[in-house]
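Biologist: Before we discuss this chain, please place the sequence and the structure in front of us. I shall then put my questions one at a time.

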Amino acid sequence: MAAHRKPKQRLYTGPAARTAATLALTGAATAAALPGPAHADPQRTPAQVKAEVDRLYHDAEVATEQYNGAKEKATAAEHALDTLRDEAARRTDRLNASRDALGSFAAAQYRAGGLSTSVQLALSSDPDQYLERASYVDRIGDRQAAALTKVRRQVAQIATLRSQAEGELATLTSRRAELKKHKATITTKLAEAQRLLDRLTPPERTAYENAGHGSADRADRSTARGPVQAPNARAAEAVAFAYGALGKPYVWGATGPSSFDCSGLTQAAWRSAGVSLPRTTYTQINAGRRVSRSELAPGDLVFFYSGISHVGLYIGNGQMIHAPRTGSPVRIAPIDQMPFAGATRVA
């Protein structure tokens, strides 16, 4: 029976005890660091995921409009820089031609200016011919002085152009840095939103995609279009363009024809009607006459959120066509789907 007794556990003392304790602590720390159900972050509910994803998409849209504004300014700076460089090149060519002419004048004067006028007259075998040549040299001197003044003026103008070009280059560099910053913000927000959506089950994902859209939002173009009572032909043309864009994907920074962001869609719609709109939501709201919600007519631009970060094209009956966000194509939606911020009548 004694053979079956459980042997006594050996107790460690001294260095052996310290080693055992260290190993035990290390194992405990490792176990705590390893992922597992007991240590996992609490999962968010589908409602919490939806709220967070909506916030991330909204933040991305704000950054998108900032990106669009920075891009518009960068394009303008790049165009101004190219114009200044082209003008500087043209003026440099003219300066070189003026310098060549000035060199010819100087050479002629040098060849004729070795002797004083009285000596040249005394030595000349044909005084009449000398006087004729002397008059010609004087004219060359006058032309040389005028040419020199012209060269100096051209040099100063080119220096001014180059200084302006340096300023535009600094502006362009700053705008490109803005673009990079806003682009990083957009991609980060969208990636985080996608990470959260990937946690949802397929039914939860479908419920999120359909949440808040309503039947009008999912209406196809054949049943949604109907007669459009726009206030004028241009507004009707803009609305017709928006209907033609239904189903096209949202892509941030896009202005068509195959994809759009929100302000890109409204800009393209009104461009088709011959009206030029600025690029961003916060500039488009000032591109026409403000109208109240009760005055809305098809073709009006409707804006949302306190920062004027979203825009759609009103089509009547409380509905708009808009490019919602990444993953959601151009669609019809009720204007009370988002916080209404104002409206503008373009034409």
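Biologist: Does Thr 281 count as buried or exposed?

Modeller: The model is a predicted one, and Thr 281 is found in helix H10, residues 281-284. Leaving aside neighbours within four places in sequence, Thr 281 is in contact with residues including Glu 65, Cys 262, Phe 303 and His 310. The cut-off for burial is under 20% relative accessible area. Because its relative accessibility is 0%, Thr 281 counts as buried.

Biologist: What is the order of the strands in the open sheet?

Modeller: The sheet has six strands with antiparallel pairing. Strand E1 (289-291) and strand E5 (331-334) are the edge strands, each pairing on one side only. From one strand to the next, the twist averages 40°. The order is E1-E6-E2-E3-E4-E5.

Biologist: Which residue in E5 stands opposite His 322?

Modeller: Strand E4 covers residues 319-322 and runs antiparallel to E5, with four bridges joining the two. The residue in E5 that His 322 faces is Arg 331.

Biologist: What angle does the direction of helix H9 make with that of E3?

Modeller: Two helices that pack on the sheet may be taken in turn. Helix H8 (residues 233-244) touches strand E3 (310-316), E4 and E5, and its direction makes about 110° with that of E3. Helix H9 (residues 262-271) touches strand E2 (301-304), E3 and E4, and its angle with the direction of E3 is about 45°.

Biologist: Which residues touch the most other members of the largest nonpolar core?

Modeller: This core has 29 residues, and H8, H9, E2 and E3 each supply at least two of them. Apart from it lies another core, of 24 residues, among them Ala 60 and Leu 190. In the largest core, the residues in question are Trp 270, Leu 301, Leu 313, Ile 321 and Val 330.

Biologist: How many residues apart in sequence are the parts that Tyr 67 and Trp 252 tie together?

Modeller: The structure holds three aromatic pairs. In this one the ring centres of Tyr 67 and Trp 252 are 5.0 Å apart and the planes stand at 85°, so the pair is edge-to-face. Tyr 67 is buried, with a relative accessible area of 13%. Because Tyr 67 lies in helix H2 (residues 46-112) and Trp 252 in the loop between H8 and H9, the separation in sequence is 185 residues.

Biologist: Over the ring of which residue does the charged end of Arg 293 sit?

Modeller: The charged end of Arg 293 is 5.0 Å from the centre of the ring. The cut-off for such an arrangement is within 6 Å of the ring centre, together with an angle within 35 degrees of the ring normal. The ring belongs to Phe 340.

Terms used
Residues are numbered from 1 along each chain as its sequence is written. This is a predicted model: local features need pLDDT of at least 70, side-chain atom pairs count only at pLDDT 80 or more; totals for chains, interfaces and linings use all residues. Side-chain values use heavy atoms; hydrogens and water are left out. Two strands pair if DSSP finds at least two bridges between them. Axes are lines fitted to C-alpha atoms, for helices over the stretch in contact, and angles run from 0 to 180 degrees between N-to-C directions. Contact means heavy atoms within 4.5 Å. A nonpolar core is a set of buried Ala, Val, Leu, Ile, Met, Phe, Trp, Tyr and Cys residues joined through side-chain atoms within 4.5 Å. Buried means under 20% relative accessible area, exposed over 50%, partly exposed in between (1.4 Å probe, protein chains only). Rings of Phe, Tyr and Trp (its six-membered ring) pair if their centres lie within 6.5 Å; planes under 30 degrees apart count as stacked, over 60 as edge-to-face and the rest as tilted.
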